Amino acid sequence: MKACFIGLGYIGLPTAIVAADNGVEVVGVDVNPHVVETINQGKIHIVEPGLADLAAKVVKNGWLRAQTQPEKSDVFLIVVPTPFTGDHEPDISYVEAATRNVLPFLKEGDLFVIESTSPVGTTEQMAELIFSERPELKDKIYIAYCPERVLPGNIIYELVNNDRVIGGINPESTDKAIEFYRRFVKGVSHKTNARTAEMCKLTENSSRDVQIAFANELSIICDKAGINVWELIELANKHPRVNILQPGSGVGGHCIAVDPYFITSAFPMESQIIGKARELNNYKAFWCAEKTQVTMKQFELENGREPVVALMGLAFKPNIDDLRESPAKYIATKVMQGHNNADFLIVEPNIEDHKVFKLTDYKEAYEKADIVVMLVAHNQFKELSWNDDKVILDFAGVFRK
Ligand code: SAJ
């Protein structure tokens with residue numbers, strides 16, 4: 001069996017590699033020639049534990065090769081980004097372009113799967129596109145939607161072991177897609193239709209966004225009420241049916257901070273809680289920036305000089321190097337506006353250097369700062385001990401104080 005993966009990013013590449021490691025002949029397609037070149041050298045362009053070794057293995061033994069154009073295959077998988085526009089409208093132009101790109105290579109009996117997070121109805125829309133351009137394939141190919149659910153940092157394990165939700169445009173397509181995923185997925189594949197599978201992906205990430213918003217709202221209330229929110233949540237979670245998540249400096253990344261908009265833009269009147277949660281999680285980052293600025297002003301008034309401020313963490317969540325849609329990066333940018341950069345010590349232990357931010361070692365920054373702002377709960381920061389001589393704004397719950 002041969003499978004052509006369109007898109008070799010954070011999801012497409014690991015999936016292609018794992019499929020290749022399970023006896024599927026994989027052709028990886030990416031528009032970026034640098035990505036193609038890197039993969040064909042047996043290397044990878046993303047950071048993910050364990051993936052580099054597996055890539056070297058499958059490229060060496062010939063199960064995976066990369067190129068910039070698709071070719072005839074038995075299975076085509078679309079794993080390209082679906083960003084949103086400035087108005088929070090989903091942009092499916094990459095999915096459409098990828099679909100158009102594979103159109104000439106489709107033949108009777110092929111399976112076409114979309115994995116990209118997509119607004120409800122996208123799979124049916126792409127099916128219509130395929131059948132309008134290639135009418136002879138009507139009812140002769142299989143089309144399904146199968147979203148990924150893996151957590152960056154644990155992708156290889158989760159790709160194989162997580163359950164999958166698979167929805168075809170008809171039951172035959174669902175079965176055909178399940179047959180394909182069975183080759184490398186040990187988790188259970190749950191059958192549904194394409195629209196439900198699309199909505200399921202959006203629901204999973206919106207559910208987490210809503211739950212985090214609840215924790216973030218509590219943190220703002222507790223700040224005003226003089227209550228330690230970390231202790232409060234720990235105690236409330238002792239109840240057998242309560243499981244509150246952790247507040248932080250906001251919600252980032254390219255999934256949870258994005259996918260709920262695919263629901264709110266299509267169902268604006270109906271998605272009240274989902275929309276409000278998005279607003280609240282965005283507001284939390286703004287609130288952290290304001291709180292930092294007020295604290296800096298107070299310090300200046302009390303001490304007659306500007307404080308040295310350590311901004312601890314830039315990534316969108318702990319222990320990764322990914323800064324996409326990062327609330328910590330937003331807060332750092334906002335608090336530094338209108339100030340002399342020399343007063344800020346910016347820390348991100350998971351990256352070597354940054355184009356915009358001059359980075360400082362975390363211990364040195366903590367040592368030198370008057371005000372320490374914990375933006376991300378990286379493991380390294382947990383080694384530091386609380387210091388009563390400093391003003392510490394622990395938005396990420398590093399010290400849980
Ligand atoms: N966060 C909190 N408090 C928490 C948990 C997370 O503030 O208690 C914040 C994180 O700091 C981060 C953001 O939420 O800024 C998102 O992080 P995450 O670890 O919750 O999720 P992602 O974006 O890395 O991955 C999610 C996962 N979805 C769910 O857990 C429902 C993953 O399974 C999906 O595959 C991925 O989105 C995706 O690609 O859609």
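The following paragraphs describe the two domains of this chain, the contact between them and the surroundings of the ligand. The structure is a predicted model, and every value given here was computed from it.

The description begins with the domains. The domain assignment divides the chain into domain 1, covering residues 2-187, and domain 2, covering residues 227-394. Between the C-alpha centres of domain 1 and domain 2 the distance is 34 Å. Where the two domains meet, domain 1 contributes 13 residues to the contact and domain 2 contributes 10 residues.

What is the character of this contact? About 1100 Å² is buried between domain 1 and domain 2, and carbon and sulfur atoms account for 68% of that area. On the side of domain 1, the residues that lose the most area to domain 2 are Y10, F84 and H88, which together make up 42% of what that side buries. The residues of domain 1 that touch domain 2 comprise 8 nonpolar, 4 polar and 1 charged. Between domain 1 and domain 2 there are 0 salt bridges. The count of residue pairs in polar contact between the two domains, with both residues at pLDDT 80 or more, is likewise 0.

The ligand comes next. Where does the ligand lie with respect to domain 1 and domain 2? The ligand lies between them, because domain 1 (2-187) and domain 2 (227-394) both give residues to the shell around it. That shell holds 19 residues, and the closest to the ligand are K201, N205, R208, Q246 and F316. Sorted by class, the residues around the ligand are 9 nonpolar, 4 polar and 6 charged.

Several polar atoms of the protein can be located beside oxygen atoms of the ligand. R208, one of the closest residues, places an N or O atom of its side chain 2.5 Å from an oxygen atom of the ligand. For E148, a polar side-chain atom lies 2.7 Å from a ligand oxygen atom. R149 takes part through its backbone: a polar backbone atom of R149 is 2.8 Å from an oxygen atom of the ligand. Taken alone, the ligand exposes 780 Å², and the protein buries 86% of that area.

Taken together, the ligand sits between domain 1 and domain 2, with polar atoms of E148, R149 and R208 beside its oxygen atoms, while the domains themselves share a contact with 0 salt bridges.

How values were computed
Residues are numbered from 1 along each chain as its sequence is written. This is a predicted model: local features need pLDDT of at least 70, side-chain atom pairs count only at pLDDT 80 or more; totals for chains, interfaces and linings use all residues. Side-chain values use heavy atoms; hydrogens and water are left out. A residue is near a molecule or strand if one of its heavy atoms lies within 4 Å of it. A polar contact is a pair of N or O atoms within 3.5 Å; within protein, one must be able to donate a hydrogen and the other to accept it, and residues adjacent in sequence count only if both atoms are side-chain atoms. Accessible areas come from the Shrake-Rupley method with a 1.4 Å probe; for residues, only the protein chains shown count as cover. Ala, Val, Leu, Ile, Met, Phe, Trp, Tyr, Cys and Pro count as nonpolar, Asp, Glu, Lys and Arg as charged, and the others, Gly among them, as polar. Domain bounds come from an automatic or database domain assignment. Contact means heavy atoms within 4.5 Å. Buried area is the accessible area (1.4 Å probe) that two parts lose on being put together, summed over both. A salt bridge is a side-chain nitrogen of Lys or Arg within 4 Å of a carboxyl oxygen of Asp or Glu.
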